[in-house]
Amino acid sequence: MTRKIGILALQGAFREHRQALESLGCEVAEVRKPGDLDGINGLIIPGGESTTMGKLLQVDDLGEKIKRLAKNNLPIFGTCAGMIVLSKNIEGSDQYRLGLMDVTVQRNAFGRQIASFETDLEIPALGQGPVRAVFIRAPYIKNVAPNVGILAEYEKKIVFARQGNMIASAFHPELTKDRRVHQYFLSIVDEQLAK
């Protein structure tokens with residue numbers, strides 16, 4: 001079964017997500033306008049600059065269409081800035097966001113670009129062995145509602161979470177060769193397709 005996964009391609013690291021998905025046999029659609037969302041089985045919101053992304057999501061009501069699809073259980077995966085855009089609350093900011101995940105996010109939580117780093121994370125939902133995680137001006141989740149599952153933490157900060165058909169990571173799984181995070185997202189897509 002071929003899955004068609006949309007990647008929000010307004011700016012940011014969408015090409016690397018495309019390569020990861022294609023390596024897993026997915027058809028990929030780059031999403032820049034509302035019509036690009038038609039016929040997709042899942043959506044990735046990549047890293048980038050969350051305030052810029054928020055402004056671009058308001059053009060042609062692209063963000064509103066994503067919200068409608070999310071209400072119909074479209075699986076969505078946000079990485080880094082994508083996690084910020086998915087969140088209900090952003091600490092100290094009123095920037096545009098989709099507000100779909102019941103979490104509060106702290107932006108640039110680990111410092112500026114120079115403070116970017118890599119580490120190994122234990123993520124039990126992905127099976128045995130650590131996941132190499134690349135953090136670039138990364139946010140983290142400060143608070144979660146009871147309906148949000150915590151998938152991974154780093155230094156007691158939540159960096160990977162799931163709520164229903166949505167997952168969000170503070171790190172960039174598309175920047176390593178380990179495809180387990182993308183495979184985990186595709187398993188959510190497959191669950192939804194089987195319904």
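**Entry 1: phenylalanine 185 and its partner**

I began with phenylalanine 185, which is buried in this predicted model, its relative accessible area being 0%. I then looked up phenylalanine 77, and at 0% relative accessibility that residue counts as buried too. I noted 7 aromatic pairs in the count. In the pair I had started from, the ring centres of phenylalanine 77 and phenylalanine 185 lie 5.6 Å apart with their planes at 40°, and the pair is therefore tilted, since the class between stacked and edge-to-face takes whatever is neither under 30 degrees nor over 60. I placed phenylalanine 77 in strand β4 (residues 76-79) and phenylalanine 185 in helix α5 (residues 180-193), so that this pair links distant parts of the chain, 108 residues apart.

**Entry 2: a second ring pair, and a cluster**

I next asked how the rings of phenylalanine 160 and phenylalanine 171 are set against each other. Their centres are 5.6 Å apart and their planes stand at 75°, so I entered the pair as edge-to-face. Here too the pair links distant parts of the chain, 11 residues apart, with phenylalanine 160 in strand β11 (residues 157-163) and phenylalanine 171 in the loop between β12 (166-169) and α5. I checked the exposure of each partner, and found phenylalanine 160 buried at a relative accessible area of 0% and phenylalanine 171 buried, likewise with a value of 0%. Following the ring pairs further, I found that they join Phe160 and Phe171 with Phe117, Phe135, Tyr154 and Tyr184 in a cluster.

While on the subject of rings, I also noted a charge over one of them: the charged end of lysine 157 sits over the ring of tyrosine 140, at 5.4 Å from the ring centre.

**Entry 3: the buried side of α2**

I turned to helix α2 (residues 50-57) and listed Ser50, Met53, Gly54 and Leu57 as its buried residues. They lie on the same side of α2, because the arc they cover around the axis is only 100°. The spacing agrees with what I would look for in general: an α-helix has 3.6 residues a turn, so residues three or four places apart point the same way. I then asked which elements the buried residues of α2 pack against. I recorded two strands, β1 (4-8) and β3 (42-45), and two helices, α3 (62-71) and α4 (81-86).

**Entry 4: salt bridges**

My count of salt bridges, as computed for the model, comes to 14. I looked at the one between arginine 18 and glutamate 30, whose side chains meet at 3.0 Å, N to O. This pair links distant parts of the chain, arginine 18 in helix α1 (residues 14-23) and glutamate 30 in strand β2 (residues 27-31), 12 residues apart. Both ends came out as partly exposed when I looked them up, arginine 18 with a relative accessible area of 25% and glutamate 30 with 24%. I also noted that Arg18 and Glu30 belong with Glu22 and Arg32 to a network of salt bridges.

The bridge between aspartate 38 and lysine 65 has its closest N and O atoms 2.6 Å apart. I located aspartate 38 in the loop between β2 and β3 and lysine 65 in helix α3, so the two, 27 residues apart, link distant parts of the chain. Is lysine 65 buried or exposed? I found lysine 65 buried, with a relative accessible area of 17%, whereas aspartate 38 is partly exposed, with 45%.

**Entry 5: aspartate 120**

I closed with aspartate 120, which has its place in strand β7 (residues 117-121) and counts as partly exposed at 45% relative accessibility. Leaving aside neighbours within four places in sequence, I found aspartate 120 in contact with Pro130, Val131 and Arg132. Aspartate 120 forms a salt bridge with arginine 132, with 3.2 Å between the closest N and O atoms. Because arginine 132 lies in strand β8 (residues 131-135) and aspartate 120 in strand β7, the pair ties together parts that are 12 residues apart in sequence. The two side chains are also entered as making a polar contact, at 3.2 Å, and arginine 132 counts as partly exposed at 35% relative accessibility. As a last check I took the separation of aspartate 120 from leucine 62, 58 residues away along the chain, and recorded 35 Å between their C-alpha atoms.

Terms used. Residues numbered from 1 in each chain as written. Predicted model: local features only at pLDDT ≥ 70, side-chain atom pairs only at ≥ 80, totals over all residues. Heavy atoms only, no water. Buried < 20%, exposed > 50% of the residue type's maximum accessible area, 1.4 Å probe, protein only. Helix = DSSP H or I, 4+ residues; strand = E, 2+ residues; numbered from the N terminus. Arc of directions from axis to C-beta. Contact = heavy atoms within 4.5 Å. Phe/Tyr/Trp six-rings, centres within 6.5 Å; stacked < 30°, edge-to-face > 60°. Lys NZ or Arg CZ within 6 Å of the ring centre and 35° of its normal. Polar contact = N/O pair within 3.5 Å; in protein donor to acceptor, adjacent residues only side chain to side chain. Salt bridge = Lys/Arg side-chain N within 4 Å of Asp/Glu carboxyl O.
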